[in-house]
Amino acid sequence: MMYPFMTLNDGTEIVHSQMYEDGTVKVYIEKPDEKYCFRRATCILPEYRWEDIYRFGDDDIKRFREIIQSTAHLILEFAQEGGLENASLLTKTKVCRSGIPINTDNQAN
């Protein structure tokens with residue numbers, strides 16, 4: 001399963017997989033391209049191992065590496081929780097000691 005994570009200003013999409021049993025997460029980067037259809041690259045977390053790089057240059061990969069390194073903790077968390085949307089739903093609901101959910105949407109922080 002792939003989960004959307006981020007869209008950059010230039011149209012580049014960053015999505016990630018669920019966390020696999022070995023603790024890895026695949027981060028896929030794609031950018032539409034008129035000539036080549038899509039440019040793409042895959043980064044395997046937590047090793048930051050790159051594979052399947054197609055039509056991205058060294059400067060592109062350097063920029064993507066910086067983005068992924070600065071957000072890897074979120075990607076790894078979201079990969080365990082079923083993506084950003086599921087993780088954000090979990091943070092909106094607090095549970096009191098008795099186990100009853102408390103809706104925090106309208107409470108002041």
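What percentage of the 109 residues in the chain is buried? Buried residues, defined by a relative accessible area under 20% (exposed being over 50% and partly exposed in between, with a 1.4 Å probe and protein chains only), make up 29% of the chain. The structure is a predicted model, in which local features need pLDDT of at least 70 and side-chain atom pairs count only at pLDDT 80 or more, whereas totals for chains, interfaces and linings use all residues. Residues are numbered from 1 along each chain as its sequence is written, and side-chain values use heavy atoms, with hydrogens and water left out.

The chain contains two helices and seven strands, these elements being DSSP runs (H or I over at least four residues for helices, E over at least two for strands) numbered from the N terminus. Read from the N terminus, their order is β-β-β-β-β-α-α-β-β. The accessible surface of the chain, computed by the Shrake-Rupley method with a 1.4 Å probe, amounts to about 7,500 Å², and 49% of this surface belongs to carbon and sulfur atoms. Among contacts with a separation of 6 or more, where contact denotes heavy atoms within 4.5 Å, 25% are between residues 24 or more positions apart.

Five strands form an open sheet in the order β1-β2-β3-β4-β5, with antiparallel pairing; two strands are taken to pair if DSSP finds at least two bridges between them. Strands β1 (2-7) and β5 (49-54) stand at the edges with a single partner strand each, so one side of each has no neighbour in the sheet. From one strand to the next, the twist averages 20°, with axes fitted as lines to C-alpha atoms and angles between N-to-C directions running from 0 to 180 degrees.

Within this sheet, strand β2 (residues 13-17) pairs with β3 in the antiparallel sense through four bridges, and Ile14 has Ile29 as its bridge partner in β3. Strand β3 (residues 25-33) is in turn joined to the antiparallel strand β4 (residues 37-45) by nine bridges. The connection from β3 to β4 is a hairpin of three residues. Along this pair of strands, Asp33 stands opposite Cys37, while Lys31 has Arg39 as its bridge partner in β4.

The largest nonpolar core, a set of buried Ala, Val, Leu, Ile, Met, Phe, Trp, Tyr and Cys residues joined through side-chain atoms within 4.5 Å, comprises 19 residues. Those with the most contacts inside this core are Ile14, Val27, Ile29, Leu45, Trp50, Phe64 and Ile68. Two or more residues are contributed by each of β3, β4 and α1 (58-81), and the largest share, eight residues, comes from α1. The surroundings of Leu45 were examined further. With neighbours within four places in sequence left aside, Leu45 is in contact with Gly23, Thr24, Val25, Val27, Ile68, Ala72, Ile75 and Leu76.

Five salt bridges are present in the structure, the criterion being a side-chain nitrogen of Lys or Arg within 4 Å of a carboxyl oxygen of Asp or Glu. In one of these, the closest N and O atoms of Asp10 and Arg63 are 3.2 Å apart. Asp10 lies in the loop between β1 and β2 and Arg63 in helix α1, so this pair ties together parts that are 53 residues apart in sequence. Both side chains belong to partly exposed residues, with relative accessibility of 34% for Asp10 and 32% for Arg63.

A salt bridge also joins the side chains of Asp33 and Arg39, with an N to O distance of 2.9 Å. Here Asp33 is buried, at a relative accessible area of 15%, whereas Arg39 is partly exposed, at 24%.

Asp52 and Arg40 form a further salt bridge, in which the closest N and O atoms are 3.1 Å apart. This pair links distant parts of the chain, with Asp52 in strand β5 and Arg40 in strand β4, twelve residues apart. Asp52 is partly exposed, with a relative accessible area of 42%, and Arg40 is likewise partly exposed, with a value of 33%. Finally, salt bridges that share partners join Asp10, Lys31 and Arg63 into one network.
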